[in-house]
Amino acid sequence: MVRLIRMKDKMRRGAKKGLYIGAPALLLATLLAGCATPPPVSDTADYQAYEQQNDPLEPTNRVFYNVNDKIDRYAFKPLAQGYVDITTQPIRNHVGNFVTNIGEPARLLNFMASGKPRDAGTSLVRFLINSTVGIGGIFDPATALGYPETDTDFGLTLAEWGVPAGPYLYLPIFGPSGARDVLNLPVEFFATPMEAAPASAALSDFGYAETGVHLVNTRAEYIQPIDQIQATALDPYATFRSLYRQSLDSQLQQIDKADTPTPPDWVMRPAQ
Amino acid sequence: MQRRRYFLSATAALPMLGLFAGAAQAQAVAPDAAKSFIQQSGQQLVTIVNSSASDSQKADQLRQLVDQIVAVDQVGDYVLGRYLNVATPAQHTRFLAAFHQLLSYNITYQIKAYQGITFTVNGASTMGNDTVVDTTITSPGKAPVDVGWAVDEVGGTPKIVDVIVAGTSLRITTRNDYASVITDNGGQVSALLSAMKSQIAKISGG
């Protein structure tokens with residue numbers, strides 16, 4: 001599941017159960033951290049490369065990467081493969097839509113916190129439309145109506161506030177993260193509509209089921225690309241690290257791009 | 001979810017024509033010219049992938065096509081990055097040879113997964129020194145993938161220098177991958193060459 005958990009999106013669902021495993025393990029990782037040995041500052045090029053890589057805990061990160069890789073190979077991937085065998089792509093799309101919709105209120109809050117009114121409005125409209133017309137989020141009519149999804153999370157909100165990404169972290173269970181993005185875990189743990197409802201056994205069961213289905217559904221989408229990277233990358237760990245960081249940068253750009261304000265009708269426009 | 005799709009798309013693009021990178025001395029190509037170049041190249045690619053030829057025949061055809069439409073040497077130099085100055089001329093030559101080989105093996109590896117693909121060119125825009133042509137690639141049973149192809153003029157003709165999927169660049173990803181191998185081995189380019197060699201052996205053996 002490892003790399004599959006690379007997207008924040010996955011962390012969000014996994015947080016439910018994984019937090020209890022991840023937090024002490026992270027602490028342990030920090031305490032026991034095998035730190036990479038930086039090259040001498042006098043070796044300018046190598047030192048710059050080391051700084052740019054920003055992965056001082058690389059030895060520890062790689063240990064967790066290998067652990068997650070084993071878990072994935074022997075548990076999650078076979079499970080995902082079985083899931084693919086009994087479902088079709090449209091079904092998996094509907095599951096994806098459903099999970100996305102449940103995450104919409106959290107995105108709304110994050111967009112508000114990061115001062116992105118247009119994105120926040122889109123998120124709100126999406127949640128309202130997809131929860132009703134989209135039958136509880138199974139369908140995504142909002143996108144067709146001109147409200148496409150833009151993803152965000154608390155890590156990206158912190159980035160909007162100017163918090164630097166910090167060193168790269170590879171977490172047990174959750175996968176790629178960073179000193180800033182790891183703060184997602186506690187926030188996302190509470191930022192679901194289920195937390196707002198009165199506690200009940202049925203709700204807890206729903207939460208666990210939703211988490212499980214989401215993880216399997218997501219892993220199923222990654223089967224082919226992950227296999228490909230593992231087969232062709234010289235260093236899959238570094239490849240995933242690079243993709244994770246590029247993906248974050250790209251997402252920040254996407255958030256800004258989608259937040260273009262629309263002038264109201266009464267604004268004077270130049271004659272065409 | 002969008003992020004997940006981003007990453008998914010990014011990784012899904014690797015198989016398409018993975019591991020191309022940019023040419024330093026390339027020139028910008030007009031958007032319309034880049035579009036028609038990608039339209040033609042994409043059509044050739046789809047024809048080969050969807051043909052009834054054997055995997056090894058397809059691999060040969062794809063290797064030839066890639067040499068025609070991708071600036072493989074420039075890509076290789078970009079991927080090698082600053083280690084281009086560290087590598088000896090002999091190492092550089094060996095690197096480019098291995099890079100060509102690895103590229104064709106990676107494509108061969110992917111052929112089976114991409115039967116029945118279709119290819120749509122959406123538009124083109126200028127990004128920095130490159131002209132990026134946006135396309136959508138659809139294959140049966142898979143979600144459509146939006147792929148951007150960075151095109152530059154190399155040696156007087158347009159060539160592909162990068163594959164971009166939702167903001168993730170394959171030339172950067174590959175450069176980071178290769179750089180990691182070198183830095184983990186004390187800055188030795190020879191370590192990268194060994195890793196590439198064993199990768200080629202592994203894939204061709206599998």
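## Strands E3 and E4 of chain B

Thr136(B) has Asp146(B) as its bridge partner in E4(B). The model is predicted. Strand E4 of chain B covers residues 145-154. E3(B) and E4(B) run antiparallel, and seven bridges join them.

These two strands form a hairpin. Six residues lie between E3(B) and E4(B). In that turn, Gly141(B) has a positive phi of about 75 degrees.

## Strands E2 and E3 of chain B

E3(B) also pairs with E2(B). Strand E2 of chain B spans residues 118-127, and strand E3 of chain B spans residues 130-138. The sense is antiparallel, over nine bridges. One facing pair is Thr126(B) and Thr131(B), the latter in E3(B).

E2(B) and E3(B) make a hairpin with two residues between the strands. Gly128(B) in this hairpin takes a positive phi near 65 degrees. Each hairpin thus named has a glycine with positive phi: Gly128(B) in the hairpin of E2(B) and E3(B), and Gly141(B) in the turn between E3(B) and E4(B).

## Thr120(B)

Thr120(B) sits in strand E2 of chain B. Is Thr120(B) buried or exposed? Neither label fits: Thr120(B) counts as partly exposed, because it has 13 C-beta neighbours inside 10 Å. A buried residue would need 20 or more, and an exposed one 12 or fewer.

Which residues does Thr120(B) touch, leaving aside those up to four places away in sequence? They are Thr135(B) and Thr136(B). Thr136(B) is the residue bridged to Asp146(B) in E4(B). Ile137(B) is 17 residues from Thr120(B) in sequence. In space, the two C-alpha atoms are 6.5 Å apart.

## Chain B overall

Chain B has seven helices and six strands. From the N terminus, its elements run α-β-α-α-α-α-β-β-β-β-β-α-α. The chain has 206 residues, and 50% of them count as buried.

Take the contacts in chain B between residues at least 6 apart in sequence. Of these, 66% join residues at least 24 apart.

## Chain A overall

Chain A has eleven helices and two strands. Along the sequence, the pattern is α-α-α-α-α-α-α-β-β-α-α-α-α. Of its 272 residues, 44% count as buried.

For contacts in chain A with a separation of 6 or more, 71% come from residues 24 or more positions apart.

## Nonpolar cores

How many residues does the largest nonpolar core have? It has 45 residues. Trp149(B), Val151(B) and Ile160(B) have the most contacts inside it. Another core, of 15 residues, lies apart from that one. Among its residues are Tyr168(A), Tyr170(A), Ile173(A) and Phe240(A).

In soluble globular proteins, nonpolar side chains tend to be buried together.

## Helix packing between the chains

Helix H11 of chain A (residues 236-258) packs against helix H6 of chain B (residues 170-183). The angle is about 140 degrees, and the axes are 8 Å apart. Why is H11(A) oblique to H6(B)? The angle of about 140 degrees makes it so. Roughly antiparallel would take an angle over 145 degrees. The crossing of H11(A) past H6(B) is right-handed.

Both helices supply residues to the contact. From H11(A) come Ala238(A), Thr239(A), Ser242(A), Leu243(A) and Gln246(A). From H6(B) come Ile172(B), Thr173(B), Asn176(B), Asp177(B) and Ser180(B).

Note on methods. Residues are numbered from 1 along each chain as its sequence is written. Chains are lettered from A and ligands numbered from 1 in the order in which they are written. This is a predicted model: local features need pLDDT of at least 70, side-chain atom pairs count only at pLDDT 80 or more; totals for chains, interfaces and linings use all residues. Two strands pair if DSSP finds at least two bridges between them. Helices (H or I, at least four residues) and strands (E, at least two) are DSSP runs, numbered from the N terminus. Two residues are in contact if their C-beta atoms, placed from the backbone, lie within 7 Å. A nonpolar core is a set of buried Ala, Val, Leu, Ile, Met, Phe, Trp, Tyr and Cys residues joined through C-beta atoms within 7 Å. Axes are lines fitted to C-alpha atoms, for helices over the stretch in contact, and angles run from 0 to 180 degrees between N-to-C directions. Angles under 35 degrees count as roughly parallel, over 145 as roughly antiparallel, 65 to 115 as roughly perpendicular and the rest as oblique. A crossing is left-handed if the near helix is turned anticlockwise from the far one by less than a right angle, and right-handed if clockwise.
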